[in-house]
Amino acid sequence: MRLSHLADYAVVLMTAAARRPAGARLSATDLSCETGVPLPTTQKLMGQLAGCGLLSSVRGAGGGFALARGAHEISLADIVEAVEGPIAMTVCSEGRTDCALDAHCRIKPHMGVVGNAVRGALGAVSLTSLCGPASAGGLAQ
């Protein structure tokens with residue numbers, strides 16, 4: 001399993017936002033310059049992240065974006081799902097039945113468990129932990 005470029009960029013942007021003081025207003029231009037994510041992509045992702053409730057936006061003078069919740073309350077799963085949609089390991093675990101094996105598959109009933117396990121693992125990684133130094137045994141919570 002691999003994150004798409006957009007999901008990866010969203011994690012990079014959210015991590016940069018989380019490193020700012022609480023409540024600090026962010027612009028797409030500043031985050032683009034800081035992270036190297038192209039400005040049009042940054043603008044698109046910030047809109048998606050705001051639409052999913054991870055960023056809040058304020059228009060006008062002094063406006064911009066800010067984290068909608070504390071960094072410790074936002075998980076890697078939240079960010080990935082904001083960009084990619086629900087975490088599903090296979091097409092059938094999304095509820096679709098266009099697989100040629102659908103009528104005879106004995107694994108399909110179990111794929112929800114797999115997806116939930118992956119979501120749980122990503123959900124256990126907070127944005128705060130992504131901002132700190134990586135530990136030798138994995139990410140600190």
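# Salt bridges, helices and a pocket

Reader: Where is Arg119 placed?
Author: In this predicted model, the place of Arg119 is in helix H5, a helix that covers residues 108–123.

Reader: And is Arg119 buried, exposed or something in between?
Author: Arg119 counts as partly exposed, because its relative accessibility is 28%, and the range for that class runs between 20% and 50%.

Reader: Which residues does Arg119 touch, if I ignore its neighbours within four places in sequence?
Author: Once those neighbours are set aside, Arg119 is in contact with Ala77, Asp78, Glu81 and Ile87. Two of these contacts, Asp78 and Glu81, deserve a further word, since Arg119 meets Asp78 in a salt bridge and meets Glu81 in another.

Reader: What are the distances in the bridges to Asp78 and Glu81?
Author: From N to O, the side chains of Arg119 and Asp78 come to 3.3 Å. This pair links distant parts of the chain, with Arg119 in helix H5 and Asp78 in helix H4 (residues 76–84), 41 residues apart. For Glu81 and Arg119, the N to O distance is 2.9 Å. Glu81 lies in helix H4 and Arg119 in helix H5, so this pair ties together parts that are 38 residues apart in sequence.

Reader: Which residues are linked in the network of salt bridges?
Author: The network links Arg69, Asp78, Glu81 and Arg119. Arg69 takes part through Asp78, as the two side chains meet in a salt bridge at 3.2 Å, N to O.

Reader: How exposed are Arg69 and Glu81?
Author: Arg69 is partly exposed, with a relative accessible area of 31%, and Glu81 is also partly exposed, with a relative accessible area of 22%.

Reader: How many salt bridges does a search of the whole structure find?
Author: Such a search finds 4 salt bridges.

Reader: Let's go to H4, then. Which of its residues are buried?
Author: The buried residues in H4 are Leu76, Ala77, Ile79, Val80, Ala82 and Val83. As for their surroundings, these buried residues pack against H1, H3, H5 and helix H6, the last of which covers 127–131.

Reader: Can we take Ile79? What is its relative accessibility, and what does it touch?
Author: Ile79, which is in helix H4, has 0% relative accessibility and therefore counts as buried, given that the cut-off is under 20%. Leaving aside neighbours within four places in sequence, Ile79 is in contact with Ala10, Val11, Met14, Leu49, Leu54, Ile74 and Leu127. By comparison with those contacts, Gly47 is 32 residues from Ile79 in sequence and 13 Å from it in space, C-alpha to C-alpha.

Reader: What comes just after H4?
Author: Just after H4 comes Gly85, which takes a positive phi of about 90°.

Reader: What about H2, which residues are buried there?
Author: Helix H2, covering residues 28–35, has Ala28, Leu31 and Ser32 buried. Because they span an arc of only 100° around the axis, they are on the same side of H2. The elements that cover these buried residues include helix H1 (5–18) and helix H3 (39–51).

Reader: Which residue follows H2?
Author: H2 is followed by Gly36, and the phi of Gly36 is positive, near 85°.

Reader: Back to H5 for a second: is Pro109 buried or exposed?
Author: Pro109, whose place is in helix H5, is exposed, with a relative accessible area of 62%. Pro109 and Ala61 are 48 residues apart in sequence, and their C-alpha atoms are 52 Å apart in space.

Reader: New topic, pockets. How much space lies in the largest pocket, and which residues lie nearest its centre?
Author: The largest pocket holds about 220 Å³ of space. Its lining is made up of 12 residues, and those nearest the centre are Met1, Val80, Glu84, Ile87 and Ala88.

Reader: How does the lining divide into nonpolar, polar and charged residues?
Author: The lining of the largest pocket divides into 7 nonpolar, 2 polar and 3 charged residues. Two names in it have come up before: Val80, which lies nearest the centre along with others, is among the buried residues of H4, and Ile87, also one of those nearest the centre, is in contact with Arg119.

Terms used: Residues are numbered from 1 along each chain as its sequence is written. This is a predicted model: local features need pLDDT of at least 70, side-chain atom pairs count only at pLDDT 80 or more; totals for chains, interfaces and linings use all residues. Side-chain values use heavy atoms; hydrogens and water are left out. Buried means under 20% relative accessible area, exposed over 50%, partly exposed in between (1.4 Å probe, protein chains only). Helices (H or I, at least four residues) and strands (E, at least two) are DSSP runs, numbered from the N terminus. Contact means heavy atoms within 4.5 Å. The arc is that of the directions from the helix axis to the C-beta atoms. On a 1 Å grid over the protein atoms alone, a cavity is a set of points where a 1.4 Å probe fits but cannot get out, and a pocket is an open set with protein on both sides within 12 Å along at least five of seven lines; lining residues have an atom within 4 Å of a point. Grid points are joined across faces, edges and corners, and a volume is the space filled by probe spheres set on the points. Ala, Val, Leu, Ile, Met, Phe, Trp, Tyr, Cys and Pro count as nonpolar, Asp, Glu, Lys and Arg as charged, and the others, Gly among them, as polar.
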